[in-house]
Amino acid sequence: MSVEMDADVIIVGAGILGGLAAERLAARGKSVLMLEAGPRVDRWRLLESFRNMPSKGSADAFYPELAYAPKSGGGPYSNNYFENVGPMAWRPSVLRVVGGTSWHWSSAFWRFVPNDFKLRSLYGVGRDWPLDYGMLEPWYTLAEQITGCSGSDADDQGGGGGKPFPPRSAPYPLPPLARSSYIQAVAEKMTRLGFNFIEEPHLRATRPYGGRPVCTGNNNCSPLCPIGSMFTGDMAVTRAERAGAKVMPDTVAYRLEKGAGGKIVAVHTKAPDGKSTRRTARYVVLAAHALETPKLMLMSEVGNSSDQVGRNLMSHPSLIWEVLGKDALWPGRGPSQQGSVNDRRDGAERSRSAAFKYIFNSHIPNQQLTQRLLKQGVIGRELDERIRHDCARFISIIAGMEQLPLASNRIDLSDRKDALGLPTPRIHMDVDDYNRRGGLIAGRDFERFEREFGMQVELGDRKIFRLASHIMGSTIMGDDPRTSVVDADCRTHDHPNLFIASCSVFASSSTVNPTLTGAALSLRLGEQIAREI
Ligand SMILES: Cc1cc2nc3c(=O)[nH]c(=O)nc-3n(C[C@H](O)[C@H](O)[C@H](O)COP(=O)(O)OP(=O)(O)OC[C@H]3O[C@@H](n4cnc5c(N)ncnc54)[C@H](O)[C@@H]3O)c2cc1C
């Protein structure tokens with residue numbers, strides 16, 4: 001008996017990772033239906049809203065704020081969306097629109113290094129992945145080519161003993177962007193301090209690529225690239241649609257239905273008015289990022305025989321050195337973040353303390369700096385002069401740290417409900433001594449930065465950990481179904497036709513931004529499913 005399905009594959013979530021998996025499947029002739037909780041948005045409309053906003057302080061205030069698709073920043077629906085029950089407050093800045101969160105990302109596109117996959121066997125901490133760097137390498141290369149990644153083939157990105165590292169089977173598709181004068185000054189100072197300053201691989205086009213124009217340095221990557229030079233999730237979704245995938249916006253998945261043989265036979269969705277629909281497919285891929293994916297699984301009671309769904313939640317706990325330096329170095333030209341120091345990314349100390357990398361912001365928080373002066377009573381012509389003086393001297397360096405997968409750091413279901421009557425996410429997050437010991441090393445480096453940059457005023461508290469909007473680990477990968485949720489192919493141990501395309505499958509966080517590794521896994525998963533159908 002033949003059974004009529006809505007699609008070969010349903011993908012829940014039309015962000016960058018869902019989009020890449022969808023394109024892979026559609027290009028191989030499979031019918032793909034992408035269910036996306038949020039609406040479609042246009043770059044030009046977002047840009048107009050951003051321009052018209054009196055305050056440019058928030059990264060996502062001008063993205064749609066909807067009752068049925070709450071994001072995580074400010075707004076009546078979003079403010080209460082995440083419930084924090086652990087010691088650390090964390091409201092990762094996720095967007096619910098076609099294209100997802102990467103509309104307002106920075107597009108740093110790093111590979112993991114081989115040792116990131118073997119923390120337990122090399123350093124006796126965390127977990128090992130059930131795959132290694134070599135297995136992912138061709139997929140890293142493909143993801144870089146699809147997205148037009150720029151970087152330097154000569155750089156040791158950490159752990160290579162000064163030689164180009166990690167190994168690459170193909171050069172970067174695009175060369176690095178020219179360094180802004182601010183970043184040149186920072187690079188000189190870092191070199192004087194004995195660090196190896198390298199390029200940050202990223203997705204701003206440095207030559208016309210795939211219809212995208214060259215980055216013109218608007219310094220606006222986050223919250224929105226005004227010219228579409230930076231690759232964002234909407235572009236991945238457009239590529240999937242061109243290959244034949246269908247996208248249903250304003251469609252919130254709320255239940256996965258189990259059938260015979262442990263298979264998932266349907267996805268139940270709600271429209272903005274609450275109307276429910278049942279949709280069927282041979283395979284289901286969850287690509288709703290690392291908070292909504294486990295939330296949907298917990299709501300549906302699927303994939304959780306290990307009791308690991310939602311646990312092992314990881315971010316990059318970060319310490320920030322933010323000051324007014326002695327000299328006018330004029331940040332705020334070129335991309336809003338450029339270059340990196342990865343010297344502390346790997347090594348024997350990882351058995352005791354978290355590895356980390358340095359991120360160099362190049363933006364100016366005019367509003368924050370002006371408010372500080374107003375509080376001091378500065379007004380009139382002096383205010384203008386002091387704003388100019390302080391903005392030119394603003395320096396912000398982040399130590400972005402790895403975090404171990406701990407069962408106690410988790411997302412589960414809150415008793416609170418959203419406008420559709422669905423539970424909201426409840427988050428418990430904390431840092432442990434592994435991070436605190438890493439923080440001591442960063443603290444000593446900060447003192448050296450202080451002398452090199454000639455600090456005048458410290459603006460923040462360099463000892464307080466903040467969590468980045470890099471969400472990982474909550475449906476962790478492993479060989480053992482008793483202690484993990486998915487296998488090396490991102491297939492859930494419990495359901496043979498349920499896969500996960502999300503950084504939620506990571507078994508370690510590394511020190512670097514996660515999305516390239518998520519992209520490589522998603523492309524690989526797309527190929528795996530295409531072979532099986
Ligand atoms: C300010 C900022 C800067 C960042 N910078 C970087 C960077 O430089 N480099 C990097 O690697 N990473 C960066 N990140 C992280 C990066 O944005 C994410 O890793 C990436 O977007 C994850 O892609 P995704 O497709 O898994 O999830 P998303 O992009 O979040 O997409 C998931 C989609 O699923 C949809 N969805 C959710 N729930 C449901 C449901 N129930 N039903 C249907 N659809 C649903 C959502 O609406 C969304 O569209 C940054 C994040 C932020 C906030």
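The points below describe the fold, the enclosed spaces and a few buried residues of a predicted model.

1. Overall build. The protein has eleven helices and 17 strands. Its radius of gyration is 22 Å, close to the 24 Å that the globule rule gives for 533 residues, so the protein is as compact as a globular protein of that length. The C-alpha trace spans about 80 × 50 × 45 Å along the principal axes.

2. Burial, contacts and surface. Of the 533 residues, 62% count as buried. Among contacts with a separation of 6 or more, 74% join residues 24 or more positions apart. The accessible surface is about 20000 Å², and carbon and sulfur atoms contribute 50% of that area.

3. Second largest pocket. This pocket holds about 240 Å³ of space. It has 13 lining residues, and those closest to its centre are Gly 210, Gly 211, Arg 212, Met 235 and Arg 242. Sorted by class, the lining consists of six nonpolar, four polar and three charged residues. Helix 6, residues 233-242, supplies the largest share of the lining, with four residues.

4. Helix 6. The buried residues of helix 6 are Gly 233, Asp 234, Met 235, Ala 236, Val 237 and Ala 240. Met 235 is thus on the list of buried residues and is also one of the residues closest to the centre of the second largest pocket. The cover over the buried residues of helix 6 includes helix 1 (16-27), helix 2 (43-52) and strand 5 (246-248). Just after the helix, Gly 244 has a positive phi of about 120°.

5. Largest cavity. The search of the whole structure returns three cavities of 30 Å³ or more. The largest cavity contains about 100 Å³ of space. Its lining is made up of 16 residues, with Cys 215, Asn 218, Cys 221, Cys 225 and Pro 226 nearest the centre. The class count for this lining is eight nonpolar, seven polar and one charged.

6. Second largest cavity. About 50 Å³ of space lies in this cavity. Its lining comprises Arg 111, Ser 152, Asp 153, Asp 155, Gln 157, Pro 164, Phe 165, Pro 166, Arg 168 and Tyr 172. By class these are four nonpolar, two polar and four charged residues. The charged members are Arg 111, Asp 153, Asp 155 and Arg 168.

7. His 202. This residue sits in the loop between strand 4 (197-198) and helix 6. Its relative accessibility is 3%, under the 20% cut-off, so His 202 counts as buried. Leaving aside neighbours within four places in sequence, the contacts of His 202 are Ser 107, Ala 108, Phe 109, Gly 148, Cys 149, Ser 150 and Leu 177.

8. Asn 342. The loop between strand 10 (337-341) and strand 11 (356-361) contains Asn 342. With 2% relative accessibility, Asn 342 counts as buried. Not counting residues up to four places away in sequence, Asn 342 touches Trp 110, Gln 157, Gly 158, Asn 196, Ile 198 and Lys 357. Of these contacts, Lys 357 belongs to strand 11, and Ile 198 belongs to strand 4. Gln 157, another contact of Asn 342, is also one of the residues lining the second largest cavity.

Note on methods: Residues are numbered from 1 along each chain as its sequence is written. This is a predicted model: local features need pLDDT of at least 70, side-chain atom pairs count only at pLDDT 80 or more; totals for chains, interfaces and linings use all residues. Side-chain values use heavy atoms; hydrogens and water are left out. On a 1 Å grid over the protein atoms alone, a cavity is a set of points where a 1.4 Å probe fits but cannot get out, and a pocket is an open set with protein on both sides within 12 Å along at least five of seven lines; lining residues have an atom within 4 Å of a point. Grid points are joined across faces, edges and corners, and a volume is the space filled by probe spheres set on the points. Helices (H or I, at least four residues) and strands (E, at least two) are DSSP runs, numbered from the N terminus. The radius of gyration is taken over C-alpha atoms; the globule rule is 2.2 Å times the number of residues to the power 0.38. Buried means under 20% relative accessible area, exposed over 50%, partly exposed in between (1.4 Å probe, protein chains only). Contact means heavy atoms within 4.5 Å. Accessible areas come from the Shrake-Rupley method with a 1.4 Å probe; for residues, only the protein chains shown count as cover.
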